[in-house]
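Me: I have a protein model open and would like to learn how to read it. Could you take me through it feature by feature?

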Amino acid sequence: MLELIREENVWNTLKNDGKPVVLYGMGLGAEKIMATLDGYGIEVADIFASDGFVRGHSFKGYTVLKYSDVCEKYDDFNVVLCFASHLDDVIENISRIDSEHTVFAPDVPVAGGGLFSREYIRENEGKFDLVYSRLADDESRRVYVDVLNYKVSGKIKYLLRSFCDKSKVYSDILRLEASENIIDLGAYDGDTIAEFLTATGGEYDYITALEPDEKNFKKLLKNTEELFDITCLNMGAWDKKDTLIFAKKAGRNSRLAADGVSVDVIDVDSLGLSPTFIKMDIEGAELKALCGLERTIKKYAPKLYICAYHRNEDLFALPLKVWEMNPEYKIYFRHSKYIPAWESNFYCV
């Protein structure tokens, strides 16, 4: 696998390139990236934001500039993206900037610790190799290598050329039908339920939706109140029944934390369901949830849609766990439109 990873670690590139490092974006993402840059002894030269967000204010002691201001100030520089987006106009703007000055979007794990690097791939090369060799089609293998190259290098060109049409995933890989018995783990506000129903023409057998965050759960109830045959549960998926602590005010990214609010979690096996399709987007708890689905998966072999971008190990641990439970699964890998590599998913049939 390592011979397919042609890139240097992003932090080494930024440190050794000699160009000023300019951050694009503010907020928690910028704070996390600034801390990592500081750990590598990399100085931040300036910070800029999209024109509509620039109003003469400062962030972390830097006056927030416009991109045009930075271009006037420096002949050349490297851009470090500090936010995430799937919006067409935002991605078009990022791509335009990348054509003028290289844009890096360093991969910082949503959950767990450590940074993704060439060394990380080397340490786990056998597992990456096994997953790569067993993926279901050439497109999966191509995108898998592109995402690995992106996660090492931070170069957005690997993501820009890997975007898939999500509707094609539903129609050509998952092939959702009108009689699906759906489990949605990490249902958020019902956004992916809406995707499923678009794919099936609004038809389904039953939906069971789990969402641990209280505010998200209220939105979920409101957005699904007109649906029939649906059960919404204010709890998370885990490998056993328990009570865990989730971060407060995490919104879409509600996840485990050192302090926050108590949330009930459950192993889905204990719900006694007979699903044909399971989606899991649970902020780093995917492997735990799979362990709590072992009887269900072995008995019913449902189609699986598993997010693979929260933890560094997700890119090998999740498919290997699925194959351990049922070696007959064909597993596809696709990346939907998003920078950074959020919405990199395994689809198992």
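**Reading the model**

Reply: Happy to. Let's start with one residue: Asp-229 is partly exposed, with a relative accessible area of 41%. Keep in mind that this is a predicted model.

Me: Where does Asp-229 sit, and what is its phi?

Reply: Asp-229 belongs to the loop between helix H11 (214-223) and strand E10 (230-233). Its phi is positive, about 50 degrees, although Asp-229 is not a glycine.

Me: Which loop holds Ala-301, and what is the phi there?

Reply: Ala-301 is in the loop between helix H13 (294-300) and strand E15 (303-307). Ala-301 is not a glycine, yet it has a positive phi of about 45 degrees. With 41% relative accessibility, Ala-301 counts as partly exposed.

Me: What is omega for the peptide bond between Ile-339 and Pro-340?

Reply: Omega there is about 0 degrees, and the bond joining Ile-339 and Pro-340 is cis. As for its place, Pro-340 lies in the loop between strand E16 (331-336) and strand E17 (344-348).

Me: Let's step back to the whole chain. How many helices and strands does it have?

Reply: The protein chain has 14 helices and 17 strands. Its C-alpha atoms fill a box of roughly 60 × 45 × 40 Å along the principal axes.

Me: How does the radius of gyration of the protein chain fit that of a compact globule, and why? What does it say here?

Reply: The idea is to set the chain's value beside the one expected from its length. A compact globule of 349 residues would have a radius of gyration near 20 Å, and the protein chain has 21 Å, so the two agree.

Me: What share of the residues is buried, and how much surface does the chain expose?

Reply: Here a residue counts as buried when its relative accessible area is under 20%. Buried residues make up 53% of the 349 in the protein chain. The chain exposes about 15,600 Å², and carbon and sulfur atoms supply 47% of that area.

Me: What can contacts tell me about residues that are apart in sequence?

Reply: Look at how far along the chain the two partners are. Among contacts between residues at least 6 apart in sequence, 70% join residues at least 24 apart.

Me: Can we follow one residue as an example? What does Thr-208 touch?

Reply: Leaving out residues up to four places away in sequence, Thr-208 touches Ile-182, Ile-183, Asp-184, Thr-231, Leu-233 and Leu-273. Thr-208 is in strand E9 and is buried, at a relative accessible area of 4%. You can also compare sequence with space: Thr-208 and Met-280 are 72 residues apart in sequence and 12 Å apart from C-alpha to C-alpha.

Me: Is Thr-36 buried or exposed, and which residues does it contact?

Reply: At 16% relative accessibility, Thr-36 counts as buried. Thr-36 lies in helix H2 (residues 28-39). Not counting neighbours within four places in sequence, it is in contact with Trp-11 and Leu-115. The C-alpha atoms of Thr-36 and Val-79 are separated by 15 Å, with their positions 43 residues apart along the chain.

Me: And where is Thr-200?

Reply: Thr-200 is in the loop between helix H10 (191-199) and strand E9 (206-210). Thr-200 is buried, with a relative accessible area of 10%. Beyond residues up to four places away in sequence, it touches Leu-176 and Glu-177.

Me: What about Glu-100? Where is it?

Reply: Glu-100 is in helix H4 (residues 88-100). It is partly exposed, with a relative accessible area of 42%. Glu-100 and Cys-71 are 29 residues apart in sequence, and their C-alpha atoms are 9.7 Å apart in space.

Me: That brings up cysteines. How many disulfides are there?

Reply: A disulfide is a covalent bond between the sulfur atoms of two cysteines. A pair is counted when the sulfur atoms are within 2.5 Å. By this rule the count is zero. Cys-232 is in no disulfide, and the nearest cysteine sulfur, that of Cys-307, is 18 Å away. Cys-348 is in no disulfide either; its nearest cysteine sulfur, again that of Cys-307, is 11 Å away.

Me: Are those two cysteines buried or exposed?

Reply: Cys-232 counts as buried at 18% relative accessibility. Cys-348 is buried too, with a relative accessible area of 0%.

Me: Last one: how many positive and negative side chains are there?

Reply: The protein chain has 43 positive and 58 negative side chains. To see how the two sets are placed, compare their centres, which lie 2 Å apart.

Definitions and conventions:
Residues are numbered from 1 along each chain as its sequence is written. This is a predicted model: local features need pLDDT of at least 70, side-chain atom pairs count only at pLDDT 80 or more; totals for chains, interfaces and linings use all residues. Side-chain values use heavy atoms; hydrogens and water are left out. Helices (H or I, at least four residues) and strands (E, at least two) are DSSP runs, numbered from the N terminus. The radius of gyration is taken over C-alpha atoms; the globule rule is 2.2 Å times the number of residues to the power 0.38. Buried means under 20% relative accessible area, exposed over 50%, partly exposed in between (1.4 Å probe, protein chains only). Contact means heavy atoms within 4.5 Å. Accessible areas come from the Shrake-Rupley method with a 1.4 Å probe; for residues, only the protein chains shown count as cover. Lys and Arg count as positive and Asp and Glu as negative; His and the chain ends are not counted. The place of a charge is taken as NZ of Lys, CZ of Arg, CG of Asp or CD of Glu.
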